Amino acid sequence: MIEIAAGKKFTENYKEKHTIDAMYGWYHYESRFALPVFNEVGEIERYNVFNVIMVIRHAKDGKMYLYDIMNIKKETSTLFQPEDITQ
């Protein structure tokens with residue numbers, strides 16, 4: 001999810017409680033992931049794809065940490081079949 005993230009947006013830190021742990025602000029990225037759906041015999045019949053927003057905090061130590069994954073929405077426009085992944 002992190003490697004394919006896009007749409008980077010920066011937000012200043014406005015809350016006092018995050019003065020140290022998000023000293024240099026917050027970043028929001030759009031990403032997606034897929035979960036397999038299995039049939040009765042245990043074979044993968046399709047994948048459910050989800051879009052998410054990842055919240056990354058830029059800490060006092062200069063490093064960036066995954067803080068939250070929010071706005072998880074199932075993608076309904078595209079249905080991924082197992083053969084789509086292997087090709």
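**Exercise 1. In what order do the elements of the protein chain run from the N terminus on?**

Keep in mind that this is a predicted model. Start with a head count: the protein chain has one helix and four strands. Now walk along from the N terminus, and you get β-β-β-β-α.

**Exercise 2. Work out how the strands are laid out in the sheet, and which ones stand at the edges.**

Step one: the four strands make an open sheet, ordered β1-β2-β3-β4 and paired antiparallel. Step two: look at the ends of that order. β1 (6-11) and β4 (64-74) each have a single partner strand, so each has one side without a neighbour in the sheet. Step three: check the twist. Ignoring direction, neighbouring strands are turned by 35° against each other on average.

**Exercise 3. Take a look at how β1 is joined to β2.**

β2 covers residues 26-38, and four bridges tie β1 to this strand, the two running antiparallel. To pick out one bridge, go to Thr11: its partner in β2 is Trp26.

**Exercise 4. Decide whether His58 is buried or exposed, then describe its surroundings.**

First, place the residue: His58 sits in strand β3, which spans residues 44-58. Next, the accessibility. The cut-off for buried is under 20%, and His58 comes in at 16% relative accessibility, so His58 counts as buried. Then look for polar partners: a polar atom of the His58 side chain lies 3.2 Å from the backbone oxygen of Gly62. Finally, list the contacts. Leaving out residues up to four places away in sequence, His58 touches Asp21, Ala22, Met23, Tyr24, Gly25, Tyr27, Lys63 and Met64.

**Exercise 5. Find what share of the protein chain is buried.**

Of the 87 residues in the chain, 24% are buried.

Terms used:
Residues are numbered from 1 along each chain as its sequence is written. This is a predicted model: local features need pLDDT of at least 70, side-chain atom pairs count only at pLDDT 80 or more; totals for chains, interfaces and linings use all residues. Side-chain values use heavy atoms; hydrogens and water are left out. Buried means under 20% relative accessible area, exposed over 50%, partly exposed in between (1.4 Å probe, protein chains only). A polar contact is a pair of N or O atoms within 3.5 Å; within protein, one must be able to donate a hydrogen and the other to accept it, and residues adjacent in sequence count only if both atoms are side-chain atoms. Contact means heavy atoms within 4.5 Å. Two strands pair if DSSP finds at least two bridges between them. Axes are lines fitted to C-alpha atoms, for helices over the stretch in contact, and angles run from 0 to 180 degrees between N-to-C directions.
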